[in-house]
Amino acid sequence: MEEMRSERVRTGVYVCHCGVNIAAIVDSAGVAKFASSLPGVVIARDYLYTCSDPGQEMIRNDIKEYGLNRVIVASCSPRMHEPTFRKVVEEAGLNAYLFEMVNIREHCSWVHTDKEKATEKAKDLVRGAVARASLLEPLERMKVGVIPACVVVGGGVSGMFAALSVADKGFKVYLVEKETSIGGHMAQLDKTFPTLDCSACILTPKMVDVARHKNIELITYAEVESVEGYIGNFKVRVKKKARYVDEEKCTGCGECAKVCPVTITNEFELGLSGRKAAYVPFPQAVPLVYTLERDRCMRCGLCEVVCEAEAINYEQRDEELELEAGVIIAATGYDTFDPLKKPKLGYKEFPNVITGLEFERLINSSGPTGGEIVINGKEPKDVVFIQCVGSRDKEIGNEYCSRFCCMYTAKHALLTREHIPDANITILYTDVRAFGKGFEEFYNRARDEGIKYVRKEIDAKIWTERCDSDRVMVNVEDSMGVRGFEADLVVLATGATPRSDAKEFARILRISQRADGFFMETHQKLQPVDTPTGGIFLAGCCQSPKDIPDSVAQACAAAARASIPLMKGEVEIEPLIASVDEAFCVGCRSCEMICAYEALSFDDKKRVVVVNEALCKGCGSCSTTCPSGAMSVKHYMDRQVFAQIDGLLSPGGIM
Amino acid sequence: MFPKIITFCCNWCAYPGADFAGISHFKYPVNARIIRVMCSGRVDPGLVLEAFISGADGVMVMGCHPGECHYEHGNYEAERRIKLLRYLFDKYELGGKRLRVEWIAASEGRKFAEVTADFVETVRKIGAFQEKAREILEVMKDTFYGERLRLALGAASRALDSGADGEKYEETLKKIAEEEMKKYRVLQTLRKEGELCVRVVAEKLGLSLRETFDCFLDLKHEGLIEEGDIGEDRYMIYGFVRGER
């Protein structure tokens, strides 16, 4: 290190135009010229697109030609291109950690309008980086092995496809599902748009594939409680709830449910029918294992008597599992919007008003009515569909479009036409968003079938009221006036919302949520299934509302991304970790107390604290705590940050 | 440019929050300069004071929302330290509002822009630092790099976790910080002016003889100053040990 310090600093500075993204506001050429006057800078250039091939080549050539030992690129966020440029300098033989990035796009040109002041700011930022870079030290990345296994959380269609794709590549997959069966929302659907495939017919064979796959271990009726570790070495603690039925022994014959005297609400049928305390949510459930709901069980013991497989086990307890995996895919799905949050719609007040998902169960031949649309004991004649319930609604805080309701409403309307040919069907829509493959054609087909599309404005007031003994009136008020629609059946096109426990799960995974509550990807366009937390990937509606084709495509993408570290077998870990200067450590162990990862321990022989490099995450709290100045965190050492501060603010100082 | 603002952003929430403001083109005043750190818990008050000494008029520390810190509790560590520093700023009439801790989620680009604009306005109203500020800021830096306060701050989270009274602990931290400030002001005076006796230092700093004497004893105990001769006024003369610190 001494040798390094004595070597003269030779810095190259590259100021990007990013087309006009930067150059329209910041005088990139002026900033480069300014940079060339800074201490240690031997070459400074501005360039149209520094990240382009010739831009990268320019940097590599300069490193060799000018003998550069520090490189600074002033362009976009380091969260975007720091890895790109680190690779560039490495290819030219320079240590990646002698590269420093300056963010003059997201933090400057895109947020300021005064060209002169923005250019001054860009100069300050570059001066800070030049000062900091002169004190950077080369660091070596650590390599750690990758446990060749993947935990997929959520067994809906996204989780299933993610699991199958990783498992097909030959890696172990633990698929953790909260409910007693996999299948998710798709298992509840009747037909699927725009092809009108039967949902169960296409889904259930896949559910069986998941269960039979030799590389997939299905863990149902289980929830993730905590995640520790890092990419390559996660420890996932899972609580597997007691079913009071031995999964190995249960044959799924259903004798227990037949004799069970307790009838309770069936959540899978959204309360439209009942089920027993001993139950499977639906006949095609996977695994086909019954569950005994002990909270509601009368303890009559009949199930145990009739179970020939002797699978009933009243003594079963919740189990704590610890799974070890190299990567994690979150596929936790969505909740449907609760229309009680818009009480004027009359949901639950009038039996005529139901949600889209309830309609799916109503028209499903294995549903509570055997596929007959029946409301108040008779077939409805006037059917009104209301779109955008809980979507595109700033008032209730959901500004986003849920993406699948326009099409599922068109599907509902077509299926209603099929069941009740003379029905009078009206769709109250805001905009018909028919953007997917075959969607526009599907929408046209609905119009051709005589379904009336009536436009309402996005902020229209909608309320329902009783109009005669068993019908309701749907009222719409917007700039076109007040209009009323009498209906026997009103179907609310409820949108998607983040899972009610999304925040808690984001905390467990240490990932972020967008303002709308859906999980945040690293980059919406270029890293749409990655998260900033290495080794954790996103699939399906937990990231944003999407339909089945998009969910499946994204699940396969997440699986492909997650398989990269699994296939490589090792990953590089950022070397930005704590280090102890043993000469200064007084052994007070303050840092050991503050460390959240037990990465610091006291060496009894040396009487100093030592760092476990594999456990340290590099937060730097120990450095802030150390009373003797012995503890520092690499790449963010006091003197490096001091230099940056001085560079950002000089010429100056008080007075 | 006045006011100059340094904003420390953690890598996981606040920095992407600032990026998100950029991607969304939410405008805010040009005064803020962002420094990226891995965690707000890395923001030592020493770094904050260095920023003020180097010419910043205001410093913001931005981290993840409570309960969402990427490193469990770094944001609480930051908040505790900055709160204490803010207290001292008010006590020494430097304007505690020059310092702010904010929680910014990765999605809160708008909040980032709004908070920055508001902070720039706040600092603009407080105005520039006065001449005497630099000396006090340097004493504060010594105080926050001093062993006693660092040990007390370092023990805080464990003490609070094991049931210590939060308010009481905060009061203790304030008391320690004030005592340390006095001690380092005495040291600064000796460092600047050479050998002085207790009485002269007490008069210069407006402290009582008793508390000044205590400071001398502490500094002597820590090996930072040494005793000299007895002065004409029969008070002991002390000098700063050169080469220390």
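This report describes the interface between chain B and chain A, and then the largest cavity, in a predicted model.

## Basis

Residues are numbered from 1 along each chain as its sequence is written, and chains are lettered from A in the order in which they are written. In this predicted model local features need pLDDT of at least 70, side-chain atom pairs count only at pLDDT 80 or more, and totals for chains, interfaces and linings use all residues, while side-chain values use heavy atoms, with hydrogens and water left out.

## The interface of chain B and chain A

In chain B, 65 residues are in contact with 59 residues of chain A (contact means heavy atoms within 4.5 Å). Between them the two chains bury about 5400 Å², of which 60% lies on carbon and sulfur atoms; buried area is the accessible area, taken with a 1.4 Å probe, that two parts lose on being put together, summed over both. B:R33, B:R36 and B:R42 supply 13% of the area that chain B buries against chain A, more than any other three residues.

Across this interface the rule finds 6 salt bridges (a side-chain nitrogen of Lys or Arg within 4 Å of a carboxyl oxygen of Asp or Glu). A:R79 forms a salt bridge with B:D19, with the closest N and O atoms 3.4 Å apart.

## The largest cavity

The largest cavity (on a 1 Å grid over the protein atoms alone, a set of points where a 1.4 Å probe fits but cannot get out) has a volume of about 280 Å³, a volume being the space filled by probe spheres set on the points, which are joined across faces, edges and corners. Its lining, meaning residues with an atom within 4 Å of a point, comprises 17 residues, of which A:E100, A:M101, A:Q644, B:Y15 and B:I34 lie nearest its centre.

How values were computed: On a 1 Å grid over the protein atoms alone, a cavity is a set of points where a 1.4 Å probe fits but cannot get out, and a pocket is an open set with protein on both sides within 12 Å along at least five of seven lines; lining residues have an atom within 4 Å of a point.
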